[in-house]
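With the structure open in your viewer, follow the selections below in order, pausing at each stop to look at what surrounds it.

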Amino acid sequence: MSSRTPITLAACCAAGLLMVSGTAEAAGGAHAAPVAAAVAAGAPATMQPLTHQILVPGTTRAGVTGRSAAASTLSVSVTGGDNKGLYDAALNVSVSGSAGAVSATPTWDGVPSAAVTEAGDGTIVLRQTFSTVGEHKLSLSVTDGVSTVVKTVTVLLAGNDYTAYGPTRLLDTRHGTGGPIGPIKPNSMVRVKIDSNGGISATASAAVLNLTVTNPSSAGYITAYPDGGSSSSSNVNFVKGQTVPNLSVVPVGTSGYVDLYNHSSGTVDLIADIDGYFSQTAASGYTTVAPSRLVDTRSGLGAPKAQLTAGGSIAVQIAGKAGMPASGVTAVALNVTATNEATGGYLTAYPDGAAMPTASNVNFGPGQNIANAVVVPVGADGKIRIAGSTKADAVVDVTGYYSVSGTGAFEPLQPTRLMDTRDLSNPNVENLMQPYYYDLYPFWEWVDANAAAVVLNVTVPTAKAAGYLAVAPDINTWASYQKGTFNAQQKAPGSSTLNFQKGQSVPNMVQASTGTTGVVDFWNQSPMSNDLIIDIFGVYKNN
């Protein structure tokens, strides 16, 4: 049985496995507002935030020597409580039939905790915060001085860690890789197997996929969502004849598949490469860094001042750079831009020391200036490698990294559209982003004090002029904007998130730090006003 398969409470009790209800958290936890917002906006709320599971395999019972057990019919049951975070466990311990005062002593992962007492029958609430996600063991001893009941419980926490994988090609409709050969028909869908595909875990909760559209016969967009579900957002927007990539974090359906839907009146070829996956198993957590530039082959920053050539590659130092530790980095979150290309081609990012994979990260046409988010495993020497299929300059910006010591666990959310400046019916949305200025979005509905970053897809549709979009946390609070007391000296970051040419529709995924205020800025670095679309796919939260 998949760990994501929904089962009823009655079935859980009968089997001894209790799935803690996601609706309980939505009603009283930190996610009540976003679920309500998604429903109000008309978005399908088919996916609730993941919650911890509790396994109660057995109970032992013992009498106390020298006491009469007749006065005690001590009974103990354990159910899931209202856990507040991705690293937290909350258990309700119901006690009945006690002979008097009750003492409950929990031992988590072999380490005893302080006893909790109750005057008699009732409910004892146990809470524990862990340093890692995954399974944790509880041995709970409950006594009323006459009888003792011991419960053994395994708790699977809600947080998801990242496991680097690949990059590996899972789908290519041009060659029949991972499915039938031939383009996807208009308004049609293709399924991609994730769970147990190659070395991917059988219980992956979300896949990090690089999706590339090529040969589209008309304009449109691709949506990626859990198999059997739906989505109100877009992952890759394109115009006729455009080749465009975009990184996406896609929740995996209970079947182990994800669905990719072609929302256009024409056909389109689609390529899907996996760069890693998330699961409820302790692996690598995420840490944000201030967006900064690591490599620019145009100026010689971080690499020789020379274009990549067909079959050539450059090494990029990751460990010890831009606030990242000197060791222990398992994967890095980058924004990679290709520019000054004479012909169409692609760039591929992969661990230094490994063979170049049959996969791509940035696909481009002649003269395109195009960026794409990349999550790439780091080699044992602390480096990655960028390879080209033709002559092109490469620009590499870093936004964060994954490590065993990282504390940012991922929570996948129902893909939801937050903003579309083309929607003139929404009174809270300005018509356009102004030239060389920023729009802001307060993520207080989606994040709490433990939030580290939000996973977004940002799109500039049908750009009015060439330029780029930059994304960074705001130094001001949402309240200061409402009161008009915000700092007017806000500065644009020295990095880019997506690059666009006039008339292009360009998307890109961004793992945007929410900083200390929960407000994120979107800078339109272009001489003309442009539209902006923002979709949310998940949240990173620290323990």
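Select Val447 and display what lies around it: leaving aside residues up to four places away in sequence, Val447 touches Val454, Thr514 and Val539. Bear in mind while looking that this is a predicted model. Val447 itself sits in the loop between E28 and strand E29, the latter spanning 451-460. Is Val447 buried or exposed? Its relative accessibility is 16%, and because buried means under 20%, Val447 counts as buried. Now add Tyr540 to the selection; although 93 residues separate Val447 and Tyr540 in sequence, their C-alpha atoms are 8.9 Å apart in space.

Next, go from the loop to the sheet, where four strands in the order E28-E33-E30-E31 form an open, antiparallel arrangement. At its edges you will find strand E28 (437-442) and strand E31 (498-500), each of which pairs on one side only. If you look along the sheet, the twist from one strand to the next averages 20 degrees.

Within this sheet, select residues 467-473, which make up strand E30, together with residues 519-525, which make up strand E33: the two run antiparallel and are joined by six bridges. Zoom in on Ala470, and opposite this residue you will see Trp523 in E33.

Finally, colour the chain by pLDDT, which averages 84 for the protein chain, with 86% of the residues scoring at least 70. Over residues 1-52, however, the pLDDT is below 50, and the model gives this stretch 104 contacts beyond near neighbours in sequence. Residues 55-70 also stay under 50, with 39 contacts beyond four places in sequence.

Conventions
Residues are numbered from 1 along each chain as its sequence is written. This is a predicted model: local features need pLDDT of at least 70, side-chain atom pairs count only at pLDDT 80 or more; totals for chains, interfaces and linings use all residues. Side-chain values use heavy atoms; hydrogens and water are left out. pLDDT is the predictor's confidence in each residue, from 0 to 100. Contact means heavy atoms within 4.5 Å. Two strands pair if DSSP finds at least two bridges between them. Axes are lines fitted to C-alpha atoms, for helices over the stretch in contact, and angles run from 0 to 180 degrees between N-to-C directions. Buried means under 20% relative accessible area, exposed over 50%, partly exposed in between (1.4 Å probe, protein chains only).
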